[in-house]
Amino acid sequence: MGNAPSTRVQDVLLVGCDNSGKTSIVKRLLGDETRTTTPTAGVNLKSVALDDRTPLQLWDVGGRQTLRQYWRDYARQARPVAIIFVIDAADPRRLAEASTAVPKRLNDPVLVGVPLLVLANKQDVAGAIRPTELGACRKLGGISDRASRCLGCSALRGDGIVDAIV
């Protein structure tokens, strides 16, 4: 998401459907317990510095259907340098919902050109769909107004999270 160290805090917007693991990913980055989380109502703001990189302000935005209408408002407040879209790769029933939740919001003028990272979370669960098999990840090839990539991770184990973000 950037290699040049800086002292200016960079805002990163974390979005995705409810129960995809957004808050668990933030907790993992902070070194907190990830086994117990409560659904996010609104937004949680957390600061984290990874290695000697730029400090990040993570906007962990609630993903319930009723809260998604506010994603635009949070994006406008944050003016993010990156968007992380978290998908529950272990729940095939929710993948269609997830693959339509974010793309229609990427056209907001504040988000045009902002790099997109799709994290296929819960890779530790047997039967989880791999990033290369996810339709949402394959659609990234059609995104031409921003840098984008799709990677697997496990918020529970911590696999792939730091490497994906730095």
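Just after helix 2, Arg-79 takes a positive phi of about 50°. Arg-79 is a residue other than glycine. Most residues other than glycine have a negative phi. The model is predicted, and this backbone angle is read from that model. Arg-79 sits in the loop that joins helix 2 to strand 4. Its side of the story is one of exposure: at 56% relative accessibility, above the 50% cut-off, Arg-79 counts as exposed.

Lys-122 offers a second case. Its phi is near 70°, again a positive value in a residue other than glycine. Lys-122 belongs to the loop between strand 5 and helix 4, the latter spanning 135-138. Here the relative accessible area is 23%, so Lys-122 is partly exposed. A glycine also enters the picture. Gly-31 follows directly after helix 1 and has a positive phi of about 80°.

Now step back to the whole chain. The protein chain holds five helices and six strands. Read from the N terminus, their order is β-α-β-β-α-β-α-β-α-β-α. The radius of gyration is 14 Å, close to the 15 Å that the globule rule gives for 166 residues, so the chain is as compact as a globular protein of that length. Along the principal axes, the C-alpha atoms fill a box of roughly 40 × 35 × 30 Å.

How much of the chain is buried? Of the 166 residues, 48% count as buried. The contacts reach far along the sequence. Among contacts with a separation of 6 or more, 71% link residues 24 or more positions apart. The exposed surface comes to about 8400 Å², and carbon and sulfur atoms supply 49% of it. Charge can be summarised too. The chain has 23 positive and 17 negative charges, and their mean positions lie 5 Å apart.

Return to helix 2, the element that precedes Arg-79. This helix covers residues 71-78, and Trp-71, Tyr-74, Ala-75 and Ala-78 are buried in it. These residues cover an arc of only 100° around the axis, which puts them on the same side of helix 2. What does that buried set pack against? The partners are strand 1, strand 2 (43-48), strand 3 (56-61) and helix 3 (92-101).

One residue of strand 2 shows this packing in detail. Val-43 is found in strand 2. At 25% relative accessibility, Val-43 counts as partly exposed. Leaving aside neighbours within four places in sequence, Val-43 is in contact with Trp-59, Asp-60, Val-61 and Tyr-74. Of these, Tyr-74 is one of the buried residues of helix 2. Another buried residue of that helix is Trp-71. The C-alpha atoms of Val-43 and Trp-71 are 9.4 Å apart, with their positions 28 residues apart along the chain.

Helix 1 comes next. Its buried residues are Lys-22, Thr-23, Ser-24, Ile-25, Val-26 and Leu-29. They pack against strand 1, strand 2, strand 3, strand 4 (82-88), strand 5 (116-121) and helix 5 (161-165). Strands 1, 2 and 3 thus appear among the partners of helix 1, and they also appear among those of helix 2.

Take Ser-24 as an example from this helix. Ser-24 lies in helix 1, which runs over residues 22-30. Is Ser-24 buried or exposed? Its relative accessibility is 13%, under the 20% cut-off, so Ser-24 counts as buried. Beyond neighbours within four places in sequence, Ser-24 is in contact with Thr-34, Thr-37 and Ala-155.

The walk ends near the N-terminal strand. Val-9 is found in the segment before strand 1, which covers 10-15. With a relative accessible area of 39%, Val-9 is partly exposed. Which residues does Val-9 contact, once neighbours within four places in sequence are left aside? They are Pro-55, Leu-56 and Gln-57. Leu-56 falls in strand 3 (56-61). Val-9 can also be placed relative to Ser-47. The two are 38 residues apart in sequence, yet their C-alpha atoms are 8.4 Å apart in space.

Notes. Residues are numbered from 1 along each chain as its sequence is written. This is a predicted model: local features need pLDDT of at least 70, side-chain atom pairs count only at pLDDT 80 or more; totals for chains, interfaces and linings use all residues. Side-chain values use heavy atoms; hydrogens and water are left out. Helices (H or I, at least four residues) and strands (E, at least two) are DSSP runs, numbered from the N terminus. The radius of gyration is taken over C-alpha atoms; the globule rule is 2.2 Å times the number of residues to the power 0.38. Buried means under 20% relative accessible area, exposed over 50%, partly exposed in between (1.4 Å probe, protein chains only). Contact means heavy atoms within 4.5 Å. Accessible areas come from the Shrake-Rupley method with a 1.4 Å probe; for residues, only the protein chains shown count as cover. Lys and Arg count as positive and Asp and Glu as negative; His and the chain ends are not counted. The place of a charge is taken as NZ of Lys, CZ of Arg, CG of Asp or CD of Glu. The arc is that of the directions from the helix axis to the C-beta atoms.
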